[in-house]
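This briefing goes through a predicted model. It covers strand pairing, one helix, the nonpolar cores and a few single residues.

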Amino acid sequence: MEYAANQLMFDTKASVEEIAHKCGFSSLSSFSRAFKATFNMAPGEWRKQDLQVAEKPYLKDPEVAAGYRRVAQYPLPQPKIIEVPQRLAAYVRHVGYNRSIRQAWLVLRAWANAEGRAFSNQFGVHHSNPAWVELNQCRYVACLEIDKPVKVRGIVNQLVIPGGLHAVFRLEGVYGELLPQISMILEKWLPDSGFKLRSTPAYAHYYNNHFLNDTEQFELDFFLPIGFF
């Protein structure tokens, strides 16, 4: 449903029925029912609406709202448009986008230490758009790139981060500023870019992970999966 919401907003050339089929629905009626159950409005209404700042769920968090006001004063960095390889990763899932994500990273770091693996290439996979999904429902995956498979799966499992064409943005800031930057990329850069959003999740490659340092500063590359109309 989150992917469908993105497509309705940004792929204006596709009909609602085409987007329904792209999202795996065999009929427009079943897609409409599922969409309305998730977002409390029909797909056509969603496409027509103009989301106002006050309606963005992430702005209910005072720190993120303050971050939005700071970030809005500056232009977005220009991305690199590049093909990237897929990556094998060990991961820990987490629901909720807030400081509790730190726990997922601590578990992953403890696993890496116990396994004798490097804890260097850290990736955060973003399955949810915080402009439309409540922060306590946003799905996030803490990932560590690995060069050999996970032997025993439990709390820590294994996945492949998809490759392909991506727009890569270098982002910096402090806790509370990342979600507004991601939202602005989706709402401002993407519609004017000439690209459309692909169905694979966006992700961050951390150089300075704000969930693991005391200053809560981040420096990362944000990978947005894109394609051609």
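Glutamine 122 stands opposite leucine 144 in strand 4. The two residues belong to a run of pairing in which strand 3 and strand 4 are antiparallel and joined by 5 bridges. The model is predicted, and the points below follow the strands outward from this pair before turning to the helix and the cores.

**Strand pairing**

- Strand 4 also pairs with strand 2: the two run antiparallel and are joined by 7 bridges.
- Within the pairing of strand 4, cysteine 143 is the residue opposite tyrosine 91.
- Strand 4 is largely enclosed by the rest of the structure, because 5 of its 7 residues are buried.
- Strand 3 is joined to strand 8 as well, by 5 bridges and in the antiparallel sense.
- In that pairing glycine 124 has alanine 204 of strand 8 as its bridge partner.
- Strand 8 is mostly covered, with 5 of its 7 residues buried.
- Strand 8 continues to strand 9 through 5 bridges, and these two strands also run antiparallel.
- Asparagine 208 faces glutamate 219 of strand 9 as its opposite residue.

**Helix 6**

- Helix 6 covers residues 101-115, 15 residues in number.
- Its expected span is 21 Å at 1.5 Å a residue, and its end C-alpha atoms are 22 Å apart, so the two values agree.
- The buried residues in helix 6 are Ile101, Ala104, Trp105, Leu108, Trp111 and Ala112.
- These residues lie on the same side of helix 6, because they cover an arc of only 120° around the axis.
- The buried residues of helix 6 pack against strand 2 (87-95), strand 3 (122-126), strand 4 (139-145) and strand 8.
- Exposed residues Asn113 and Ala114 sit on the face of helix 6 turned away from the buried side.
- Glycine 116, just after helix 6, has a positive phi of about 70°.

**Nonpolar cores**

- The largest nonpolar core holds 63 residues, and the members that touch the most others are Tyr97, Trp105, Leu108, Trp111, Trp189, Phe222 and Leu224.
- Helix 7 (residues 178-193) gives the most to this core, contributing 8 residues.
- A second core, separate from the largest, has 11 residues, among them Val84, Phe123, Val141 and Phe223.
- With neighbours within four places in sequence left aside, tryptophan 189 contacts Leu76, Pro79, Ile81, Ala167, Phe169, Met184, Phe195, Leu224 and Ile226.

**Asparagine 213 and its loop**

- Asparagine 213 is in the loop that runs between strand 8 (202-208) and strand 9 (217-228).
- Asparagine 213 counts as buried because its relative accessible area is 17%, and the cut-off for buried is under 20%.
- A polar atom of the asparagine 213 side chain lies 2.9 Å from the backbone oxygen of asparagine 209.
- The side chain of asparagine 213 also reaches the backbone nitrogen of glutamate 216, at 2.6 Å.

**Arginine 198**

- Arginine 198 is in the loop between strand 7 (195-197) and strand 8.
- Arginine 198 has 23% relative accessibility, so it counts as partly exposed.
- Leaving out residues up to four places away in sequence, arginine 198 touches Tyr3, Gly163, Gly164, Leu165, His166, Pro225, Ile226 and Gly227.
- Isoleucine 226 is 28 residues from arginine 198 along the chain, with a C-alpha separation of 5.1 Å.
- A polar atom of the arginine 198 side chain lies 2.8 Å from the backbone oxygen of isoleucine 226.

**Arginine 69**

- Arginine 69 is part of helix 5 (residues 62-71).
- Arginine 69 counts as exposed because its relative accessibility is 55%, and the cut-off for exposed is over 50%.
- Proline 180 is 111 residues from arginine 69 along the chain, and their C-alpha atoms are separated by 8.8 Å.

Note on methods. Residues are numbered from 1 along each chain as its sequence is written. This is a predicted model: local features need pLDDT of at least 70, side-chain atom pairs count only at pLDDT 80 or more; totals for chains, interfaces and linings use all residues. Side-chain values use heavy atoms; hydrogens and water are left out. A nonpolar core is a set of buried Ala, Val, Leu, Ile, Met, Phe, Trp, Tyr and Cys residues joined through side-chain atoms within 4.5 Å. Buried means under 20% relative accessible area, exposed over 50%, partly exposed in between (1.4 Å probe, protein chains only). Helices (H or I, at least four residues) and strands (E, at least two) are DSSP runs, numbered from the N terminus. Contact means heavy atoms within 4.5 Å. A polar contact is a pair of N or O atoms within 3.5 Å; within protein, one must be able to donate a hydrogen and the other to accept it, and residues adjacent in sequence count only if both atoms are side-chain atoms. The expected span of a helix is 1.5 Å times one less than its number of residues. The arc is that of the directions from the helix axis to the C-beta atoms. Two strands pair if DSSP finds at least two bridges between them.
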